Amino acid sequence: MMILGIPAPLLFGQLLLGVINGAFYAMLALGLSIIFGMLNIINFAHGALFMMGAFAAWLMLHYLGIGYFPALILGPLVIGAFGIVLEKVLISRLYKLDHLYGLLLTFGLALVIEGLFRNEYGSSGLPYNIPRALSGVTDLGFMYLPVYRAWVVAAALVVCLTTWAIIEKTPLGARLRAGTENPALVRAFGINVPRMITITYGAGVALAAFAGVLAAPIYSVNPDMGDNFINTVFAIVVIGGMGSIMGSIVTGFALGVIEGLTKVFYPQGSATVIFLVMVIVLLFLPRGLFGKAA
Amino acid sequence: MLEVADLNAWYGESHVLHGAGFEVREGEVVTLLGRNGAGKTTTMKSIMGLVPRRAGSIRFRGAELIAAPPERIARAGIALCPEERGIFGSLSVTENLLLPPIIAPGGLDIATIHALFPNLRERARTAHGTRLSGGEQQMLAIARILRTGAKLLLLDEPTEGLAPVIVQQIGRTILEIKKRGFTVLLVEQNFRFAATVADRHYVMEHGRVIDMIPNHLLASSMDKLHDYLGV
Amino acid sequence: MSATTETPAPAAAPAAHGIFGFTRAQAVAFVVMLAAIVILPHILYPIFLMRVLMGALFACAFNLLIGYLGLLSFGHAAFYGMGAYLGAWALKVWHLDAALAILVGGATGGLLGLALGWLAIRRSGIYFAMITLALAQMVYFFCVEAPFTGGEDGIQQIPRGVAFGLFPLHSDMAMYWFTAAIFLAGFLLIHRVIHSPFGQVLKAIRENEPRAISLGYRVQDYKLIAFVLSAFLSGIAGATTSVIFGIATLDGVVSDRSGDVVLTTLVGGLGTVFGPVVGAAVTTAMENYLAQFGSWVTITQGAIFVVCVLAFRRGIVGEVAARLKLSL
C-alpha cells in the first residue's frame, strides 16, 4: 500500500517514531513550563536530570536488582529529591536576582552533572533491555507496532494529562496557578510559597526523570542523551510559549509528529525542521502559540 | 488586638514609613485616612509582611510579628483584602473563594457567604475571576478572607472606583461583619464613606500617624480634616 | 530584565574625560595589557597567547550584548564557527589575502548575525537566550550536512598565507603580531562604539527600555546593530583562529563554544571593559591544563559557573574594580 507515493509501513513507522519523540518533548517541555511558572527560571539542567533518570533505572537494575516498573516510580522519586536539594541549596539563593543568573547556574549544574557521568560511565552508552512484559510486537494490520513504543506513548499521555488535571482542576493546582500570578498575595493568605516553589521544582525534575526512565530502553543510556533532546525542547518551548500547560503538551507531540513526517518526505530537513517552525512562529507570533502577554 | 509602634518601611532606597504608630481594639472598625502617598497601603503591606524591609513593632494579640514572614502573619489570624482586589485571573470564582486556607475555626461558611453576597452564588461558575465586574471582584476579595477564621481583616480601599450603589453595599457588608465579631482596619480616601462604618479614624501624612479622631467627633473636626486631606 | 531585581554588573561608567575615552584607571590597565601583549610572547608559547587573544576578542564581542544591552546570547558559536569556515574557505579555496579572508569570516558572522539577530531580538530575557541557542543549533545541523564544511573532518590544511600582500604569516611570531593587531583593532572598535552616542543609547536601553522607546529611539534597530557588530567580531575571532591553527571544524559551531564564551565573560566580569580579556586568559590556561583529564574540563567549567553565579557575580575584574572603587 502506498500513501502519497510513500510505502505505508515507512510512513506509519516514521509517524510512530515522531509520536514517541513527541512524547518526550511533551514531558520535558511540560516540566520546563511548570518550573518556569513558579521559579521564573529556565531550567538548563533539565536535560541532565532527564539523563539521570535513565541512569537511575540502569543503576537500580545493575546494583540493586530493581526492575523496570519499580524504577519507573523510584527513579523519579530519587531524582526529584535530588532536585529538591538543588533548589534548596543553590537555586533558591538567586530569586532576588536577575532571572538570567538562574539560567547560568542551571547551565553550570548541567555541565557538572554530565561531566561526572561521562567520567564514570564513558560516552558510549549502556544497554537497558525492554522489560519482558512490554517486549514483542503487535500486528495492527497496516503496520507492526512494538509494544514498548505503544507503552511509552500511553504512559507519557497519562502522565502529561494527569499533571494537567492536577494543575487545572484541583485545589493544589489552584494554589500553584495563584502562586504563578501573585506569589506575595498567596503568601499573605498563609500559604508557604517558598515550600511550594521547592516542591514544584522537585515535581518538574521528577517529570524529567520519569521521561528518562521511559527513554532508557529506547535510547542507549549515556551521559549525552539529555543534551540531544534539550536544545530541541527549548525550541519547542519557544514555539509553544510557556504560558499554558496544555500548550506545552500539544506543542511537544505536534512537533514530534512534524519531525517524523519530515523524515519521510524530506529526510535532510528532519534535524532542522523544528527550528524552522520556531523561526516561522517568531516571525508571526513572537509570544509563541500559547504564550500570554507579558 | 493590634498595636503598631514606630513602624518604618522601605522600598529599596526609599524610606516610606517613618515611625507610624496606632492601635486597633477587638471588635472595632478603624480607618487610616490620608492623601495619596501618605503611606496607608504601605502600612497595610507592612503589617502583612509584604514590604522588602521594615522595622519597629507590630504586636498582634501580644505576639511580635515584625520579623515574621507573611505566611506566619496570616496564620496568626490577620487577613488582607489588597488594593485593586487581587483576584486571580487563572482561577475560577469558586477557586478564588476557596484559595485562602482555613487557619482557625470561626470563619463564615459558604452558605453564609453566599447569603451575604448573592452575586457570588450566581457567578460561582465563572471560569476566570477577573471576568467579574469590579464590584463583584471586590465582594469576592472580601468574601474569601471571611472564610479563613482570621479575625483581623485589613481592607485596602475596598470602595475605590466603584459605583455608589456598590459602595453602599460594601458599607453594609462591613457593618455586618463587624456585628459578627470581626475587627477591621480600613484604608480609605473617602472619609464620608469611612464615617458611615468606622469607630475611629487615624490620619496619616508622610509616613506617620499625625492624628486620631473618634467617629463621633468627625463632624466637629471637619475643618481639621479638610486641612489634612486637602479636600 | 525586570527593574526590581539585581542585574549583572552595570556597564562601565561613561567616561566623559580621560585618554581616548578611557578613564585614568582604564588607561593604566590598557597600557598594562599592551605591555603584556609585547612581552609575553617571549615568555609563553605564542600559540597559547593567540588562543587567549582570540578568546578575548570573542568574549569582548559577546560582552557587548550582555554587558551593554543585558542580552544573554547562548548562540554565539554560530557566528564564530561560520566565520571560521568561511575564512578558511576564502583562504584555502579562493586563495585570498589572509587579512581579506579574515574579513570574509567577519562579514559572514555579521550577515548571519543580521538574520538571526533580527529574529532573536523579538524577545528578551531568557527567551532571547533560548532562541539564540536554538538558532545556533540549527546552524550547527546545517554545518553537519553542508558539503563545504567537510563534515566531521572539517576544512584542514589551511595555509596561513600572506597578510596585506606583504607579511608572510608562516612563522608563529609573525602570526602572533598579526593576531595581536586584530585583537587590538577589535577591542578599540568596541571601546569606540561604547563611548559614542550610539553606545549611550545602548546603555539607556539597558537601564530603562520603555523610557528609551518613549524618548523616540528605535530600540529594536539599536539592538540589531549591536547584535550584528557582536556577530561580526565573533566571526573575525573565528576566522583568525582557523588561520592560526590551519583548521576549521564543527568544534567552532558546536553549542559548547557558546557556553565557553559565556563562562569566559562571567569569570572576567560581565559588563567590564577588561573582564573578557582576563577571563580568556584564565579559562584558556585552565583548559590547557585540564585537557589531559578528559571530562574534568567540563566539570570544572560547570563548577566555575555555579561558584561565579552564587558568590562571585562581578567576576575577577568586576571584583577588583569594586574593591578599588574604579571602573575597569
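The exercises below, each with a worked solution, concern a predicted model.

**Exercise 1. Check whether the length of helix H1 (residues 8-39) of chain A agrees with its number of residues.**

Solution. Step one: H1(A) has 32 residues. Step two: the expected span is 1.5 Å times one less than the number of residues, so H1(A) should span 46 Å. Step three: the end C-alpha atoms of H1(A) are 45 Å apart, which agrees.

**Exercise 2. Decide how far H1(A) is enclosed, and state what phi Asn40(A) takes just after the helix.**

Solution. Step one: a residue is buried under 20% relative accessible area. Step two: 25 of the 32 residues of H1(A) meet this description, so the helix is largely enclosed by the rest of the structure. Step three: just after H1(A) comes Asn40(A), with a positive phi of about 60°.

**Exercise 3. Repeat the length check for helix H12 (residues 296-311) of chain C, then find what covers its buried residues.**

Solution. Step one: with 16 residues at 1.5 Å a residue, H12(C) should span 22 Å. The distance between its end C-alpha atoms is 21 Å, which agrees. Step two: list buried residues of H12(C); among them are Val297(C), Ile299(C), Phe305(C), Val306(C) and Val309(C). Gly302(C) and Cys308(C) are also buried. Step three: the cover includes helix H10 (255-268) and helix H11 (275-290) of chain C, together with helix H4 (99-121) of chain A.

**Exercise 4. Describe the nonpolar surface patch that includes Ile280(A), and classify this residue as buried, partly exposed or exposed.**

Solution. Step one: the patch covers about 800 Å². Its residues include Leu157(A), Leu161(A), Met246(A), Val250(A), Ile280(A) and Phe284(A). Step two: helix H5 (147-169), helix H10 (245-265) and helix H11 (273-284) of chain A each supply at least two residues of the patch. Ile280(A) lies in helix H11 of chain A. Step three: partly exposed lies between 20% and 50% relative accessible area. Ile280(A) has 48% relative accessibility and therefore counts as partly exposed.

**Exercise 5. Test whether the radius of gyration of chain B agrees with that of a compact globule, and describe the chain.**

Solution. Step one: for 231 residues, a compact globule would have a radius of gyration near 17 Å. Chain B has 17 Å, so the two agree. Step two: the C-alpha trace of chain B spans about 45 × 40 × 30 Å along its principal axes. Step three: chain B contains nine helices and ten strands, and buried residues make up 56% of its 231 residues. Step four: chain B exposes about 9500 Å², of which carbon and sulfur atoms supply 50%.

How values were computed
Residues are numbered from 1 along each chain as its sequence is written. Chains are lettered from A and ligands numbered from 1 in the order in which they are written. This is a predicted model: local features need pLDDT of at least 70, side-chain atom pairs count only at pLDDT 80 or more; totals for chains, interfaces and linings use all residues. Side-chain values use heavy atoms; hydrogens and water are left out. Patches are made of residues with over 30% relative accessible area and no salt bridge: like charges are joined within 9 Å, nonpolar side chains (Val, Leu, Ile, Met, Phe, Trp, Tyr) within 5 Å. Accessible areas come from the Shrake-Rupley method with a 1.4 Å probe; for residues, only the protein chains shown count as cover. A salt bridge is a side-chain nitrogen of Lys or Arg within 4 Å of a carboxyl oxygen of Asp or Glu. Helices (H or I, at least four residues) and strands (E, at least two) are DSSP runs, numbered from the N terminus. Buried means under 20% relative accessible area, exposed over 50%, partly exposed in between (1.4 Å probe, protein chains only). The radius of gyration is taken over C-alpha atoms; the globule rule is 2.2 Å times the number of residues to the power 0.38. Contact means heavy atoms within 4.5 Å.
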